[in-house]
Amino acid sequence: MNIELKKITIRELVEGYMDDPEHGVSGYGGRLDIRPAYQREFVYKEKDRDAVIHTVMRGFPLNVMYWAKKKDGTFEVMDGQQRTISICRYVAGDFAWGELELGRRYFHRQPEDIQRKFLDYELMVYFCEGEESEKIDWFRTINIAGLELTEQEMRNAIYPGPFVSDAKRYFSKPGCVAYKLGGKYLKGEVDRQAYLETAIMWIANTDKAKAIDDYMCIHQGDEEATALWLHFQKVISWVETIFPTYRKEMKGLDWGRLYHRYGTRAYNPVKLDQEVAELMADRDVQRHSGIYEFLLSDRKLFEKLNLRTFDPDDMRVAYENQKGVCPICKGEFAFEEMRGDHIKPWSKGGKTKPENLQMLCADCNARKSDKF
């Protein structure tokens, strides 16, 4: 890759600046793609954005930026997008800046000499020219510092194209349709590509990174991401139908996997809603988020509930009262060879209390048909 260092004034940078939801962000007289497919959405917080403006106002040097030259002679930002957009938005009047004692001012409200000094500030930019594979590799290298890319942001860089661009329209912006439809069920930052990663994971039916990469590789050339969006809608609609009452424990569950595994089964939403409420109120259930898969599995996956175990002191008392004898096989065992067991199974209303405790040997405990 050929690399040449140049000085670009802010005046040149902001010429023709445009931030359009459909056409992206551009500047430098329309010759600079400020937000290429592999770059993240704008994620700078106010203090970071203001720090950029402060640096320029004081004439301090900003970190060097990297622009990649495209085959048509235009450029795209490889590194420095957040700083670039901060500068462009300030000049465009999107936000005010100022130090505490002087108050905050919009750019057009600054004195003319301050405006001129700001616009004449020189940015240090590396112009990089090379093959696509070299560009992506260089992009990985220069992004090891600063705000580290998420795995999905990096995937967007590796598999750019119409599929990623269209998918980002659904899943990658604050207030996007995916956020409005299913934001309460998903964790992560939408503008850091967490929603897009989740949606692909759901349709690929796995949480393995390789499967997400494979899916994006296969669909990289697709003209749109309609199938991905439709599948996301199906999953959210299914969740809302079978569990009509939303609870905070539903946020962040792998609903895509649950839909794939249980989506064709018939459930009674009213009954499920009642059972969720009962389990939420049960003190023996320690993992409330596991209630949903427990119920979907026809109450088979007890491990999802992380049921409260018997107190070790109570187990010792029961062991001594039984004189170390297993009530099922009648064998004598050391305390360490026995397990605390519910006399009346938990599934039938038995509680984790001393009066419902018996000590069984490990084999009998494992063979008990309904040990909960």
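Lys 70 lies in the loop that links strand S5 (65-69) to strand S6 (75-79). This is a predicted model, and this lysine is a good place to start looking around it. Lys 70 counts as partly exposed, because its relative accessibility is 31%, a value that falls between the 20% limit for buried and the 50% limit for exposed. Leaving aside neighbours within four places in sequence, Lys 70 is in contact with Asp 33, Phe 75 and Glu 76. The pairing with Asp 33 spans 37 residues in sequence, and the two C-alpha atoms are 9.9 Å apart in space.

**The chain as a whole**

Stepping back, the secondary structure of the protein chain comes to 16 helices and nine strands. The chain has 372 residues, and buried residues make up 47% of them. Among contacts between residues at least 6 apart in sequence, 66% join residues at least 24 apart.

**Two nonpolar cores**

The largest nonpolar core holds 52 residues, and the members that touch the most others are Phe 171, Leu 228, Phe 232, Phe 243 and Trp 255. Two or more residues each come from helices H7 (162-171), H9 (194-204), H10 (209-219), H11 (226-242), H12 (255-262), H13 (269-280) and H14 (291-296). H11 gives the most to this core, with eight residues. A second, separate core has 31 residues, among them Tyr 17, Val 56, Phe 95 and Trp 97.

Which residues does Phe 243 touch, not counting those up to four places away in sequence? Phe 243 touches Met 250, Trp 255, Leu 272, Val 276, Tyr 292 and Leu 296.

**Two helix pairs**

Two packed helices are described by the angle between their axes and the distance between the axes. Here are two pairs to look at on screen.

| Helix pair | Angle between axes | Axis distance |
|---|---|---|
| H11 and H12 | about 80 degrees | 10 Å apart |
| H7 and H9 | roughly 110 degrees | within 9 Å |

For the pair in the first row, H11 and H12 pack at an angle of about 80 degrees. H11 is therefore roughly perpendicular to H12, since angles from 65 to 115 degrees count that way. From H11, the residues that meet the partner helix are His 231, Lys 234, Val 235, Trp 238 and Val 239, while H12 brings Trp 255, Gly 256, Leu 258, Tyr 259 and Tyr 262. By type, the residues of this contact divide into seven nonpolar, two polar and one charged.

For the second row, the axes of H7 and H9 cross at roughly 110 degrees. That angle makes H7 roughly perpendicular to H9. H7 makes the contact through Ala 167, Lys 168 and Phe 171, and H9 through Tyr 195, Leu 196 and Ala 199. The residues of the contact of H7 with H9 divide into five nonpolar, no polar and one charged.

How many of the ten residues of H7 are buried? Seven are, and the helix is mostly covered. The buried residues in H7 are Phe 163, Val 164, Asp 166, Ala 167, Lys 168, Tyr 170 and Phe 171.

**A buried glutamine**

Gln 152 lies in helix H6 (residues 151-158). Is the residue Gln 152 buried or exposed? Gln 152 is buried, because its relative accessible area is 1%, under the 20% cut-off. The side chains of Gln 152 and Arg 155 are joined by a polar contact of 2.9 Å. As for the helix geometry, an α-helix has 3.6 residues a turn, so residues three or four places apart point the same way. Leaving aside its neighbours within four places in sequence, Gln 152 is in contact with Gln 193, Leu 196, Glu 197, Ile 200, Ile 212 and Met 216.

**Two lysines with positive phi**

To finish, look at the loop between helix H15 (312-321) and strand S8 (338-342), where Lys 323 lies. Lys 330 has its place in the loop between H15 and S8 too. Phi of Lys 323 is near 55 degrees, a positive value in a residue other than glycine. For Lys 330, also not a glycine, phi is positive at about 70 degrees. Lys 323 is exposed, because its relative accessible area is 69%, over the 50% limit. Lys 330 counts as exposed as well, with a relative accessibility of 60%.

Notes
Residues numbered from 1 in each chain as written. Heavy atoms only, no water. Helix = DSSP H or I, 4+ residues; strand = E, 2+ residues; numbered from the N terminus. Buried < 20%, exposed > 50% of the residue type's maximum accessible area, 1.4 Å probe, protein only. Polar contact = N/O pair within 3.5 Å; in protein donor to acceptor, adjacent residues only side chain to side chain. Contact = heavy atoms within 4.5 Å. Core = buried A, V, L, I, M, F, W, Y, C linked by side-chain atoms within 4.5 Å. Axes fitted to C-alpha atoms, helices over the stretch in contact; angles between N-to-C directions. Parallel < 35°, antiparallel > 145°, perpendicular 65-115°, else oblique. Nonpolar A, V, L, I, M, F, W, Y, C, P; charged D, E, K, R; others polar.
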